[in-house]
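Trainee: I should like to go through the terms applied to this model and ask what justifies each of them.
Mentor: Please do; let us begin with a strand.

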Amino acid sequence: MDGQAVYFDGQTNRKHSVVLRIADRLEIVEQDAVVAVWPFADVRLADGPPTALLRLACTSALPLARLEVADEATKQAIVSHCPLLPQAWENRVGEMVDRQIRFFIRGNACSAPEGQAALATLVGKLKSAGGIDNAHEPLVLSSKIPNAFALPGGKIYVLDGLLEKAQSPDELAGVLAHELGHVKHRDGMRKLIHDGGTSFLIGLLFGDVTGAGAVLFAGRSVLDASYSRDAERDADAFASQAMGKLGRSAAPLGELLLRIPGAQAKGISTILDSHPLTEDRLEALKKDQSPVTGEVLLSNGEWRALKRICRP
Ligand SMILES: [Zn+2]
């Protein structure tokens, strides 16, 4: 798509009215000539006071080069393509919402050592298959809600209610791989930017937004807000690929999700609320008939220990 923006080239103070061409990179076009190209991976939020404008910098451009975007559709297009925030910021947001999440969920961390070891084994295999090194160790909480989620920064929670529904290591592995896909694509952060706006996030980080309210909002967004259709499709594709590399299939993920009570059952958010199970998604998962040639991901003993992690 094409959008409007104001461009500062980093050399002079002059404002340039430009067109942004958003395809597989950000092309800055002035009077039909491309004056700069910003690769998506290099685009960051520029530091500065909270504002309704999306202010951007680029790690591979001149240090003072900036883009200012006012138009909502253009902002959304940029947010959906660019990582925007350095990983360290994302980790910080993750830490801030973590405590809030634990308050919402009201579950204790289950830490039976054998179960924890089995979970670490499972996630370790998925992380190496998916080429992920930033995700923290996962944790099971004793809540009976069937849900699992990844925080910005990569921490992954599985609730015991979901673990109870899982009938095989591959079903749980599918969920974990899907969440790791969101971690890899930094979707949690995108969702937060989408729901709260960039000025909200900057406020959260610099303390300009009243702390409690902002963190509360961020916590609810992580738990309840739905990922986009595209994010879901990409996280499933990531799961299929990671499971395929391990000689397993992502089809059991679909089977597990079908056993979860419908969205908003009893006013409680289940995994289906934040990860909507569309017909397309289910079809794609069913079609993942990769031949199961790899070793089992967990031994029977490990799987039993994991299932009982909250009731050792
Ligand atoms: Zn998802």
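Trainee: What makes both faces of strand β11 (residues 156–159) count as covered?
Mentor: This is a predicted model, and the answer lies in the side chains of β11. I156 and V158 on one side are buried, and so are Y157 and L159 on the other. Buried means under 20% relative accessible area, a limit that these four residues meet, therefore both faces are called covered.

Trainee: How do you know that β11 is paired with strand β9 (residues 139–141)?
Mentor: Pairing requires at least two bridges. Three bridges join β9 to β11, so the two strands qualify as a pair. They run parallel, and V140 stands opposite V158 in β11.

Trainee: In what sense does strand β10 (residues 148–150) pair with β11?
Mentor: Strand β10 pairs with β11 in the antiparallel sense, over three bridges. Here A148 stands opposite V158. The two strands form a hairpin with five residues between them, and G153 in the turn has a positive phi of about 95 degrees.

Trainee: Which residues other than glycine have a positive phi?
Mentor: Among them are Q31, with phi near 50 degrees, and R186, with phi of about 55 degrees. Q31 is in the loop between β3 (26–30) and β4 (33–38), whereas R186 is in the loop between α5 and α6 (187–196).

Trainee: Why is Q31 called exposed?
Mentor: The relative accessibility of Q31 is 77%. Exposed means over 50%, so Q31 is called exposed.

Trainee: Is R186 buried or exposed?
Mentor: R186 has a relative accessible area of 14%. The limit for buried is under 20%, therefore R186 is classed as buried.

Trainee: What makes H178, H182, E232 and H275 donor residues of the zinc ion?
Mentor: A donor must be an N, O or S atom within 2.8 Å of this metal. The zinc ion is coordinated by NE2 of H178, NE2 of H182, OE of E232 (listed twice) and ND1 of H275, at 1.9 to 2.7 Å. These distances satisfy the limit, so the atoms count as donors.

Trainee: How are the donor residues spaced in sequence?
Mentor: The spacing is H-x3-H-x49-E-x42-H. H182 lies in helix α5 (residues 169–184) and E232 in helix α9 (residues 229–245), so this pair ties together parts that are 50 residues apart in sequence. Both H182 and E232 are buried.

Terms used: Residues are numbered from 1 along each chain as its sequence is written. This is a predicted model: local features need pLDDT of at least 70, side-chain atom pairs count only at pLDDT 80 or more; totals for chains, interfaces and linings use all residues. Side-chain values use heavy atoms; hydrogens and water are left out. Donors are N, O and S atoms within 2.8 Å of the metal (3.2 Å for Na, K and Ca); water is not among the atoms, so sites may look incomplete. Buried means under 20% relative accessible area, exposed over 50%, partly exposed in between (1.4 Å probe, protein chains only).
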